[in-house]
Amino acid sequence: MKPDLKAALLTAIVYPGAGHFSLKKHLIGAIFAGVFSVLLILTFQDIFAIAQCTANEIVNGKIPMSVTAILKAAQQPSNACAQLAEYKYVPLMVVIWILSIADAYRLGRKVLPNIID
């Protein structure tokens with residue numbers, strides 16, 4: 001498989017920066033992976049905040065202790081819980097992932113002439 005396609009596929013399927021590591025571009029791969037990981041952790045913190053708020057509402061009796069009520073609360077959190085998560089990092093995560101794929105492909109194209117010679 002050509003290095004440009006391999007790097008782009010690794011980045012697209014595995015994780016941002018994975019293709020850079022296959023091209024021996026460790027620093028830029030670590031930057032892409034690190035920035036994406038920080039944003040992913042911040043997104044998980046938002047998700048856990050909603051889950052904790054919903055659990056508190058169950059304990060306080062605002063949500064009945066039935067499977068259907070809990071599932072409904074999980075799918076549609078109350079206004080107080082929904083305000084905790086704006087998922088503001090997800091669009092930036094998508095942009096970083098796309099940039100990482102494009103950059104891995106670009107770097108793979110630069111490596112390609114050296115392999116053919």
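Is Arg-109 buried, partly exposed or exposed? Arg-109 counts as partly exposed, because its relative accessibility is 43%. In these terms, buried means under 20% relative accessible area, exposed means over 50%, and partly exposed lies in between, with a 1.4 Å probe and protein chains only.

The structure is a predicted model, in which local features need pLDDT of at least 70 and side-chain atom pairs count only at pLDDT 80 or more, while totals for chains, interfaces and linings use all residues. Residues are numbered from 1 along each chain as its sequence is written, and side-chain values use heavy atoms, with hydrogens and water left out.

Confidence is given as pLDDT, the predictor's score for each residue from 0 to 100. The protein chain has an average pLDDT of 89, and 95% of the residues score at least 70. Helices here are DSSP runs (H or I, at least four residues), as strands are (E, at least two), and both are numbered from the N terminus. Confidence is highest in helix H2 (residues 18-22), with a mean of 95, and lowest in helix H5 (residues 79-82), with a mean of 80.

Between H2 and H3 there is a loop, and Lys-24 is found in it. Lys-24 is not a glycine, yet its phi is positive, at about 65°. The residue is exposed, because its relative accessible area is 63%.

Helix H3 comes next. An unreviewed UniProt entry lists residues 27-51 under "transmembrane region"; UniProt positions are given in the numbering used here, feature names are shortened, and annotations may be inferred rather than shown by experiment. In the model, the span of residues 27-51 is 100% helix and 0% strand, and its end C-alpha atoms lie 36 Å apart.

Several residues of helix H3 show how the helix relates to other parts of the chain. Thr-43 is found in this helix and counts as buried, because its relative accessibility is 8%. Contact means heavy atoms within 4.5 Å. Leaving aside neighbours within four places in sequence, Thr-43 is in contact with Tyr-87, Tyr-89, Val-90 and Met-93. Thr-54 also lies in helix H3, and it is buried too, because its relative accessibility is 11%. With neighbours within four places in sequence again set aside, the contacts of Thr-54 are Ile-63, Ala-73 and Cys-81.

Ala-55 is in helix H3 as well, but counts as partly exposed, because its relative accessibility is 32%. From C-alpha to C-alpha, Ala-55 is 9.1 Å from Ile-70, and the two are 15 residues apart in sequence. Ala-55 is also 9.6 Å from Ala-74, C-alpha to C-alpha, with their positions 19 residues apart in sequence. Ala-74 is in helix H4 (residues 67-75) and counts as exposed, because its relative accessibility is 57%.

The surface has a nonpolar patch of about 650 Å², made by Phe-44, Ile-47, Phe-48, Tyr-87, Val-90, Val-94 and Ile-98. Helix H3 (26-60) and helix H6 (90-116) are the elements that give two or more residues to this patch. Patches are made of residues with over 30% relative accessible area and no salt bridge; like charges are joined within 9 Å, and nonpolar side chains (Val, Leu, Ile, Met, Phe, Trp, Tyr) within 5 Å. Accessible areas come from the Shrake-Rupley method with a 1.4 Å probe, and for residues only the protein chains shown count as cover. One member of the patch, Ile-47, lies in helix H3 and counts as partly exposed, because its relative accessibility is 35%.

Charged pairs come last. Side chains of opposite charge can pair when their charged atoms come close. A salt bridge is a side-chain nitrogen of Lys or Arg within 4 Å of a carboxyl oxygen of Asp or Glu, and the count comes to two.

One salt bridge joins Arg-109 and Asp-4, whose closest N and O atoms are 3.1 Å apart. Arg-109 lies in helix H6 and Asp-4 in helix H1 (residues 3-13), so the pair ties together parts that are 105 residues apart in sequence. Asp-4 is buried, because its relative accessible area is 3%, whereas Arg-109 is partly exposed.

In the other salt bridge, the side chains of Asp-103 and Arg-106 meet at 2.6 Å, N to O. These two residues are separated by about one helical turn, because they are three residues apart in helix H6. Asp-103 counts as buried, because its relative accessibility is 11%. Arg-106 counts as partly exposed, because its relative accessibility is 39%.
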